[in-house]
Amino acid sequence: MPPQENRPSRAKLFWRRQRRLVRPAIVLLVVMGLAGAGMRLLYDAASEERFAPLRARLVEMEPLPIRHIVINGRGMTSEASILDALGTSTGHPIFGFSVEAARQRLDELPFIDHATVERHMPDTVIITLVERTPIAVWQDRGHFMLINRAGEEVPDQGMTGKNAQAFLQLPLVVGEGANTAAASVIDAMNHEPVVKSQITALIRVGNRRWNATLKDGTTVLLPEGEEAAAFARLARYQQSMRLLERPVQSIDLRLPDRMVVHQPAPPPQAPTPDKPTPEKPDNAKPDPSLPSPRTDGTKQP
């Protein structure tokens, strides 16, 4: 009998060698599939139109509620207006709003130059703002312009669109030198919101101190370099006696230990005409109860 052949055939040797490569090939195919799915997701997310159906399916599958909203770069813009423009809030699904639409709404706010909105999985929305820098409207010789904290004119700011809205919200400073001195007095005014709500303009006097004009036309004379203390006094007087709502002509706070209030002069009263004495008509008959006058020049007894 010839000896039994124990050596495997060439085909078995080939498939045995190839079997060692099957597992790495399967892993490679899985990784490539996941990468393709991720690239497709990013591609769809870049387009609001393509991402909308996918976002709807994700919301249905898993809410993934928002737990944190982070706002970076906020200065002039209120947090309430930012959250309103965002269109969502904590507790709502993180895929339940449009990032692009939220960014466009934020860009329309008066003090925002541009904004970015990002989803950070699993529960955070990050808003980054780049704000415009004006702090006041400066009126000088009949011209109005936005100024920054250094008193410099903010470039390319006209009276149209968002700039017009900014004009309505910023404080008005008037007079020569008001632009370079505005930052300190505006900071002092912002610390007293009750007083700020009553002030319509800050007028520079002699390039050394300020007068504040109230909504009803009252003039408040502020001390030089002590605007913060004067605004704090006004806030106390408003709380205790509603001073800023009273019909006064001016409030002088230039002395630290006293306040002088000037009331408007009372309107002049029209003179009352004297009652005329009734004249006796020429043809009036004499009163018979009175003695008749004598005509002979003698006196009556």
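## Strand S3, the covered one

Let's start with S3, which is mostly covered: six of its eight residues are buried. Keep in mind as you look around that this is a predicted model. Strand S3 spans residues 124-131.

So where does S3 sit? Three strands make up an open sheet, and their order is S1-S3-S2, with mixed pairing. The edge strands are S1 (68-72) and S2 (112-120), and each of these pairs on one side only. Neighbouring strands in the sheet are turned against each other by 15 degrees on average, ignoring direction.

## How the strands pair up

As a bit of background, strands of a sheet pair through backbone hydrogen bonds, and they can do that in a parallel or an antiparallel way. Both turn up here, as the pairing is mixed.

Take S1 and S3 to begin with: they pair in the parallel sense, over five bridges. If you want to find this pairing on screen, look for His68, whose bridge partner in S3 is Thr124. Another spot to check is Val70, which stands opposite Ile126 in S3.

On the other pairing, S2 and S3 run antiparallel and are joined by eight bridges. Here you can look for Thr116, standing opposite Thr128 in S3. How many residues does the hairpin from S2 to S3 go through? It takes three residues to join S2 to S3.

## Helices against the sheet

Next up are the helices that meet these strands. Helix H3, residues 79-86, packs on the sheet and touches S1, S2 and S3. The direction of H3 makes about 120 degrees with that of S1.

Then there's helix H4, made of residues 99-107, which lies across S2 and S3. Measure its direction against S2 in your viewer and you should get about 155 degrees.

## A nonpolar patch on the surface

Now for helix H1, which covers residues 10-46 and includes Val30. Which residues make a nonpolar surface patch of about 300 Å²? The patch is made by Ile26, Val30 and Leu34.

Is Val30 buried or exposed? It falls in between: Val30 has a relative accessible area of 47%, so it counts as partly exposed. That value also fits with Val30 being in the patch, because patch residues need over 30% relative accessible area.

Methods: Residues numbered from 1 in each chain as written. Predicted model: local features only at pLDDT ≥ 70, side-chain atom pairs only at ≥ 80, totals over all residues. Heavy atoms only, no water. Patch = residues over 30% accessible without salt bridge, like charges linked within 9 Å, V, L, I, M, F, W, Y side chains within 5 Å. Areas by Shrake-Rupley, 256 points an atom, 1.4 Å probe, with all protein chains shown as cover. Salt bridge = Lys/Arg side-chain N within 4 Å of Asp/Glu carboxyl O. Helix = DSSP H or I, 4+ residues; strand = E, 2+ residues; numbered from the N terminus. Buried < 20%, exposed > 50% of the residue type's maximum accessible area, 1.4 Å probe, protein only. Pairing = 2+ DSSP bridges. Axes fitted to C-alpha atoms, helices over the stretch in contact; angles between N-to-C directions. Contact = heavy atoms within 4.5 Å.
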